[in-house]
Number of protein chains: 2
Amino acid sequence: MAGMAGAIRLGLVGIGKIARDQHLPALAADDRFVLSATASRNAQLDQVAAYPDIDAMIAGAPELQAVSLCTPPDGRYAQAASAIAAGLHVMLEKPPAATLSEIAALEAQARAKGVTLFTSWHSREAAGVAPARDWLADKRIDAVRLHWREDIRRWHPGQEWILGPGGFGVFDPGINALSIVTKILREPLLLQSAWMEVPEGRASPLKAELAMRSGDAAVTADFDFLQTGPQTWDIEVDTDKGMLKLSMGGSVLELPGEAPQKAPDREYARLYDRFAQLVAAGDSDVDVRPLQIVADAFLLGERRVGEAFSF
Amino acid sequence: MAGMAGAIRLGLVGIGKIARDQHLPALAADDRFVLSATASRNAQLDQVAAYPDIDAMIAGAPELQAVSLCTPPDGRYAQAASAIAAGLHVMLEKPPAATLSEIAALEAQARAKGVTLFTSWHSREAAGVAPARDWLADKRIDAVRLHWREDIRRWHPGQEWILGPGGFGVFDPGINALSIVTKILREPLLLQSAWMEVPEGRASPLKAELAMRSGDAAVTADFDFLQTGPQTWDIEVDTDKGMLKLSMGGSVLELPGEAPQKAPDREYARLYDRFAQLVAAGDSDVDVRPLQIVADAFLLGERRVGEAFSF
């Protein structure tokens, strides 16, 4: 990141854990962006103009050209709509908004205003994903299995909202698996049926199983928020040339008869690279498929009430 | 309907109540269509080539140019995909498919193949809807109330599936209200919160309430499947120039200080008029907004378990 004349003057909205762990290092390493301002209720950064919210930032920092939103999805619509109305390019953390209608409305607003809208899905930029897609391009795909099992208490300690209405429950991590699989498969991913287990007194599930299809391939997903011990973020693809396996959330790729491939984590560096390219080209990238599958699962799914849960 | 050289040779798929009550009379009255074939497991029409399913119809009636699907939404994806792959224009009853992912996939397939895809929403063609939209165009809209209350036992006797997974429950009629309101309001309709009451042992709700916004206007919906006696399908819109009211499912329009306007039911005549125009122009009309709001309500909504229900 540098104050180059040609660099995109960016405002970062929502200075929480994901901003500090991922967005700030990625921006610092990319010459095409300069961090001009932040908006956050509580946090600020040294030597960067700080505002309490996005509307104050837009009013106070007229030099801004783009914003990146790392706030929770609930409330992100109004922030993105303000930014688009001010003529700013917008990058959204995953999932891009709280509802599908919100994303559709933002897409129309961005098109009308001629600004870039980028719905980012960081797991798609994991090191193994692009090579997996390339390897699968000429294979017959017979079956796909998503196993996404993690410990809610370890990764979301005390986050009661994640089991509330609109909190997505186990689909909060599971949507990462869906973002990868919609990227690596050629044929559209369609939900056939789903069940989910919602703990007594909560609104969102701790467990879910999805039965899907992609062309002739059966695609199953097994999402579990109660796995202690080793954590599982694996995708297995059976093909006519053997099984491809992505593990560790897409960062490790195993091809038949080859040693596992690993590479450093560059997910957010790649997201900002893509955002810079979209802005330069005057394009948008709005892909709602992972969220559509989640909404389809809530629409069609059978629900069971499970044991009460506390953090 | 006539065997004119220029008429669109159409196959009708699903010969049930809605086909006989609405589609066949509308087609019979429209010179731009000729009914060339039907596909139905059990039913057939005099003097029209009959096939047991759409794939047999496509194989047996190569002269077909278009199909209209009146089958239930579950299963319609495969039928529409077959028709598009065969180069046929496709009109879909409401809701257009079982899931949002299915519609998105069909839209991409139709675009790639260069055929027309038309997601029809018959309630939008009710007599009062277009004049309501025109009257609202220059008004300030303050509040909108949808009241959609009907008797499931009267309109869906014994249809157990409607309360099963993917049956939509009270959203089956309620989506008609959402199709009207997304047509008459200028600003995008966004869901804020929802609750629904699902009877013990069922998957889909008998009652739902939605809190939405459209620009600065609060939009509320009250859907009830247990209303006996007079039935209610009303939309009220408070504006700076008084209240507009649509009743009887959009067929009666009341404007401030004017007598109610009624006109004959031409919903399906208008749908086929629109389909003929789209085919002639080489365009598609794929509008998923009513289904998106329903999916958003399932995604965000709070659920309560209500008393068991039997037909």
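Colleague: In this predicted model, what makes strand 7 and strand 10 of chain B a pair?

Modeller: Strand 7 (residues 141-149) and strand 10 of chain B are joined by seven bridges, in the parallel sense. Pairing takes at least two bridges, so they qualify. One of the links sets Arg149(B) against Asp224(B) of strand 10.

Colleague: What joins strand 9 of chain B to strand 10 of chain B?

Modeller: Eight bridges, with strand 9 (residues 207-214) and strand 10 running antiparallel. Ser214(B) has Ala217(B) as its bridge partner. Two residues lie between the strands of this hairpin, and Gly215(B) takes a positive phi near 60 degrees.

Colleague: Why is strand 10 of chain B called mostly covered?

Modeller: Six of the eight residues in strand 10 (residues 217-224) are buried. Buried means under 20% relative accessible area.

Colleague: Now Glu125(B). How do you know that Glu125(B) has no salt bridge?

Modeller: The nearest side chain of opposite charge, Arg270(B), is 4.8 Å away. A salt bridge needs the charged atoms within 4 Å, so this pair does not count. Glu125(B) is nevertheless buried. Glu125(B) lies in the loop between strand 6 (117-119) and helix 5 (129-136) of chain B. Beyond its sequence neighbours up to four places away, Glu125(B) touches Glu267(B), Arg270(B) and Leu271(B).

Colleague: Why are helix 9 of chain A and helix 9 of chain B called roughly perpendicular?

Modeller: The two helices (residues 289-300 in each chain) pack at an angle of about 75 degrees, with axes 8 Å apart. Roughly perpendicular covers 65 to 115 degrees, so the label fits. Residues making the contact include Leu291(A), Val294(A) and Phe298(A) from chain A, and Leu291(B), Val294(B) and Phe298(B) from chain B.

Notes. Residues are numbered from 1 along each chain as its sequence is written. Chains are lettered from A and ligands numbered from 1 in the order in which they are written. This is a predicted model: local features need pLDDT of at least 70, side-chain atom pairs count only at pLDDT 80 or more; totals for chains, interfaces and linings use all residues. Side-chain values use heavy atoms; hydrogens and water are left out. Buried means under 20% relative accessible area, exposed over 50%, partly exposed in between (1.4 Å probe, protein chains only). Helices (H or I, at least four residues) and strands (E, at least two) are DSSP runs, numbered from the N terminus. Lys and Arg count as positive and Asp and Glu as negative; His and the chain ends are not counted. Contact means heavy atoms within 4.5 Å. Axes are lines fitted to C-alpha atoms, for helices over the stretch in contact, and angles run from 0 to 180 degrees between N-to-C directions.
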